[in-house]
Amino acid sequence: MISQFFVLSQRGDNIVFRDYRRDVQKGSAEIFFRKVKFWKEDGKEEAPPVFNVDGVNYFHVKVAGLLFVVTTRINLSPSLALELLQRIARVIKDYLGVLNEESLRKNFVLVYELLDEVIDFGYVQTTSTEVLKSYIFNEPFVTDDARLPTLGPASLFMQGNKRMPGTAVTKSVVANEPGGRKREEIFVDVIEKISVTFSSSGYILTSEIDGTIQMKSYLTGNPEIRLALNDDLYIGRSGVSNYGYGGSSGTGPVILDDCNFHESVHMDSFDVDRTLSLVPPDGEFPVMNYRITQEFKPPFSINALIEEAGSLKAEVILKVRAEFPSNVTANTISVEMPLPTSTTRVNFDLEQGLAGQTADFKEQLRKLEWSIKKVAGGSEHTLRAKLNFSQELHGNITKEAGPVSMTFTIPMYNPSRLQVKYLQIAKTSKISNPYRWVRYVTQANSYVARI
């Protein structure tokens, strides 16, 4: 049972607020934001997703820089509340096309109409984009961020210069193109979040891939779709011979430890030819989620060295090498390294010729941050930092520093080698030559190197 739902900006501005049961004080949004902003309990820097203040339970998630929050006085399941917030954010994005502060403010009438259909007197009714279409009558106001550029005909597989732009799926499920036309197209994203832990000597201790195949369809009449994956795809290691298995070398079968499928997926021929058939519902949805723990080649190798250079000084050398092909480029790379608590000043020696890089010492957090805008495959980059301490560490410098963590995004690359071979639309459909877009994205989930 939900008492209130609200959305706050990063500044704490109340963008959307709906009070369903009137059993929680009206200033709850202000109380929540102050608690989150100045959270200092248990030595943690950020507030947990669930906490209690004066008998009111607050549940929140951060999506696209916005805080989605529900409150209740009852002992509500945290997993239910957090999943509800994610689904509400997804439904709003499906209808607005793009989810940000501007789109919410310009479409607040539509957003409130959605909220009234999703939740009634605190009880959840539905979070299905397709079901809600029958009850929603307001048209979205398309913001500048959601306007699509002119796109040429897309081949089935994106090669060469034919790449899908980042704004390609920022379109409402109910909005048409200018002139009343509807652009017939379907988007498939293979998104993989990787977790890797390196030892101090550079060996891989743990590695895992959490992947999902996301689909968003704008096809008239919801025709049947056939999605074909790798022929050498196996679920579970039983029945797969280790002979000839290439592992990190990039050859051999693709082995999924486990997976699950959306309720609309039919698997009649999946065991035979690894083909999934489905009638896609409206909005964005996961066709398939999977997990891989077999050995794979990490996209980046990290080498961290810290040495004392006197009683009150030390030097840190960070090396990052891109292990993926040279025709692939990683974006928004960030490397962080906690430093000893007695660190007072850090001087950086940045590599020459590397554009878009910055280095900073967060004094309050005692943390080194190194950011690089773009890194090409096969390249290696180094950061040197000279540390100054307020007191001697007596040889404990490696115990107080690290580990090194890294975040990144790599478009059109996936380490699992799971591929969408083809995307077929049923011939009974009246759609002529629809656009098909397939995109691969790899992101860091937990990428850590010990010192």
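**Close-up views of a predicted model**

**View 1. Strands β3 and β4 pair in an open sheet.** In this predicted model, β3 and β4 (residues 56-63) run antiparallel and are joined by 4 bridges. Within the pair, V53 faces V56 of β4.

**View 2. The open sheet has 5 strands.** Their order is β2-β1-β5-β4-β3, and the pairing is antiparallel. The edges are β2 (14-19) and β3 (50-53). Each has a single partner strand, so one side of each lacks a neighbour in the sheet. From one strand to the next, the twist averages 20°.

**View 3. Helices α1 and α4 pack on the sheet of View 2.** Helix α1 spans residues 28-37. Its contacts reach β1 (4-8), β2, β3, β4 and β5 (66-72). The direction of α1 makes about 55° with that of β1. Helix α4 covers residues 108-118 and touches β1 and β2. The direction of α4 makes about 30° with that of β2.

**View 4. A second view of strand pairing shows an open sheet of 4 strands.** The order here is β14-β15-β10-β25, with antiparallel pairing. Strands β14 (265-266) and β25 stand at the edges. Each is paired with a single strand, so one side of each has no neighbour in the sheet. Between β14 and β15 (residues 275-278), which run antiparallel, there are 2 bridges. Here H266 stands opposite S277 of β15.

**View 5. S416 sits in the loop between β24 and β25.** Strand β24 covers 404-411, and β25 covers 422-425. S416 is buried, because its relative accessible area is 5%, and the cut-off for buried is under 20%. A polar atom of the S416 side chain lies 3.2 Å from the backbone nitrogen of L418. Beyond its neighbours within four places in sequence, S416 is in contact with E192, I209, V254, Y290 and I292.

**View 6. Two stretches have pLDDT below 50.** The chain has a mean pLDDT of 85, and 85% of its residues reach 70 or more. Over residues 146-168, the pLDDT is below 50. This stretch has 46 contacts in the model beyond near neighbours in sequence. Residues 241-249 also have pLDDT below 50. Beyond near neighbours in sequence, the stretch 241-249 has 10 contacts in the model. Predicted coordinates should not be read in detail where pLDDT is low.

Notes
Residues are numbered from 1 along each chain as its sequence is written. This is a predicted model: local features need pLDDT of at least 70, side-chain atom pairs count only at pLDDT 80 or more; totals for chains, interfaces and linings use all residues. Side-chain values use heavy atoms; hydrogens and water are left out. Buried means under 20% relative accessible area, exposed over 50%, partly exposed in between (1.4 Å probe, protein chains only). A polar contact is a pair of N or O atoms within 3.5 Å; within protein, one must be able to donate a hydrogen and the other to accept it, and residues adjacent in sequence count only if both atoms are side-chain atoms. Contact means heavy atoms within 4.5 Å. Two strands pair if DSSP finds at least two bridges between them. Axes are lines fitted to C-alpha atoms, for helices over the stretch in contact, and angles run from 0 to 180 degrees between N-to-C directions. pLDDT is the predictor's confidence in each residue, from 0 to 100.
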